Amino acid sequence: QVQLVETGGGLVQAGGSLRLSCAASGLTVSSYEMGWFRQAPGKEREFVAAIPWHGANTHYIDSVKGRFTISRDNAKNQVYLQMNSLKAEDTAVYYCVADSNFGVLRAGRGSSWGQGTQVTVSS
């Protein structure tokens, strides 16, 4: 049974940083496309970042480029999202996602989702 557990969310002031972690069980992150989505109150869920199984390149939405970094620790079977220079508009519940197909993951139809972790940025 696949399980993804996100941690690291919290309340931070604008300009601050947070590091989200996603601990995976039941799958090996180095063999899957891994990503992060977020959903703000009253808004649709949106793609944030992804890292392919081979790790050769990463993908981000424009609004987080240069501020967020997705990475993976294969030994710990975890995926991370380092978030710097946070803005109020980054406030959302952040979800870790896994799928064997990047296109499916990118479209928000990933097969495995975590329960989410709340990130709140105060302005």
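This text goes through a strand pair, the core and the disulfide of a predicted model.

Start with strand β7, residues 68-73. In a regular strand the side chains alternate between the two faces of the sheet. In β7, Phe68, Ile70 and Arg72 point to one face and are buried. Thr69, Ser71 and Asp73 point to the other face and are not buried. The partner of β7 is strand β8, residues 78-83, which runs antiparallel to it and is joined to it by 6 bridges. Across this pair, Arg72 stands opposite Val79 of β8. The two strands form a hairpin with 4 residues between them, and Asn77 in the turn has a positive phi of about 60°.

Both strands also give residues to the largest nonpolar core, which has 34 residues. Besides β7 and β8, the elements that supply two or more residues are β3 (18-25), β4 (33-39), β5 (46-51), β9 (92-99) and β11 (117-122). Met34, Trp36, Leu81, Met83 and Tyr94 have the most contacts inside this core. Leu81 can serve as an example: leaving aside neighbours within four places in sequence, its contacts include Phe68, Thr69 and Ile70, as well as Leu18, Leu20, Trp36, Val48 and Tyr94.

The whole structure contains 1 disulfide. Cys22 and Cys96 form it, with their sulfur atoms 2.1 Å apart. The link is left-handed, with -80° about the S-S bond. Because Cys22 lies in strand β3 and Cys96 in strand β9, the pair ties together parts that are 74 residues apart in sequence. Cys22 is buried, at 0% relative accessible area, and Cys96 also counts as buried, at 0%.

How values were computed: Residues are numbered from 1 along each chain as its sequence is written. This is a predicted model: local features need pLDDT of at least 70, side-chain atom pairs count only at pLDDT 80 or more; totals for chains, interfaces and linings use all residues. Side-chain values use heavy atoms; hydrogens and water are left out. Buried means under 20% relative accessible area, exposed over 50%, partly exposed in between (1.4 Å probe, protein chains only). Two strands pair if DSSP finds at least two bridges between them. A nonpolar core is a set of buried Ala, Val, Leu, Ile, Met, Phe, Trp, Tyr and Cys residues joined through side-chain atoms within 4.5 Å. Contact means heavy atoms within 4.5 Å. A disulfide is a pair of cysteine sulfur atoms within 2.5 Å.
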